[in-house]
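Let's take a walk through this model, starting from one histidine and moving on to the aromatic rings. Keep the viewer open as you read.

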Amino acid sequence: MQHLILIVALFFSALIFSQGSENYNLNKENNITVSLVNALNDSGTVNFALFNKENFRQQPLRAQSAIIKNGLSTVVFENVPIGAYGIICYHDENENNRMDFQENGMPLENYGTSNNPMNFGPPQFDSSKFEVTNKDVTLEIKF
């Protein structure tokens, strides 16, 4: 359980500190449009992070935040090269720029990943991955 708490805490810390990291191999012009479609309320923001297999849950390739309107929050990752990626997002309801947890390590704020897997424990790349080929990608994430 301590490992799970540490992994999730490190992931969300990396997500916050890397939100300015926008320059990763911009040799193709494919866009990834990601929408969180079921936020429980419009308070705060949703923070989205784009990963590849090598850095999943560590340092995001790119990160963005978006407001929520009527339970919907959308970002576009532009100029994404061809490859396999995963996206993790969380609802920062109190806008403190970090994921909040209960004392037992369970998240207080909702989070989700691409492909909407029903996994227990921290997100895994294999269940979250999707392919960017030579066209734009549109994804919906649900908590």
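Leaving aside its neighbours within four places in sequence, which residues is H91 in contact with? This is a predicted model, and in it H91 touches A39, N41, S43, T45, V46, I68, E109, N110 and F143. H91 itself sits in strand β5, which covers residues 83-92. Its relative accessibility is 0%, so H91 counts as buried.

One of those partners, F143, is worth a stop of its own. You'll find F143 in the segment after β8 (137-141). Is F143 buried or exposed? Neither, quite: its relative accessibility is 28%, so F143 counts as partly exposed. With neighbours within four places in sequence set aside, F143 contacts L36, N38, A39, C89, Y90, H91, N110, Y111 and G112. The H91 contact therefore shows up from this end as well, and A39 and N110 appear in the list for F143 as well as in the one for H91. If you want a distance to check in the viewer, try F143 and P117: their C-alpha atoms are separated by 10.0 Å, with their positions 26 residues apart along the chain.

Now for the rings. How many aromatic pairs does the count come to? The count comes to 3 aromatic pairs. Take F56 and F125: this pair is edge-to-face, at 5.5 Å centre to centre and 75 degrees between the planes. F56 belongs to the loop between β2 (45-51) and β3 (62-67), while F125 is in helix α2 (residues 125-128), so the pair links distant parts of the chain, 69 residues apart. Both F56 and F125 are buried.

Then there's Y85 with F130. Their ring centres are 6.4 Å apart and the planes stand at 40 degrees, so this pair is tilted. Y85 lies in strand β5 and F130 in strand β7 (residues 130-132), so the pair ties together parts that are 45 residues apart in sequence. Y85 is buried, with a relative accessible area of 4%, and F130 is buried too, at 7%.

Here are the two pairs side by side:

| Pair | Centre to centre | Angle between planes | Arrangement |
|---|---|---|---|
| F56 and F125 | 5.5 Å | 75 degrees | edge-to-face |
| Y85 and F130 | 6.4 Å | 40 degrees | tilted |

Which residues do ring pairs link into a cluster? They are F51, F56 and F125. Strand β5 ties the two halves of this tour together, as it holds H91 and also Y85.

Key: Residues are numbered from 1 along each chain as its sequence is written. This is a predicted model: local features need pLDDT of at least 70, side-chain atom pairs count only at pLDDT 80 or more; totals for chains, interfaces and linings use all residues. Side-chain values use heavy atoms; hydrogens and water are left out. Helices (H or I, at least four residues) and strands (E, at least two) are DSSP runs, numbered from the N terminus. Buried means under 20% relative accessible area, exposed over 50%, partly exposed in between (1.4 Å probe, protein chains only). Contact means heavy atoms within 4.5 Å. Rings of Phe, Tyr and Trp (its six-membered ring) pair if their centres lie within 6.5 Å; planes under 30 degrees apart count as stacked, over 60 as edge-to-face and the rest as tilted.
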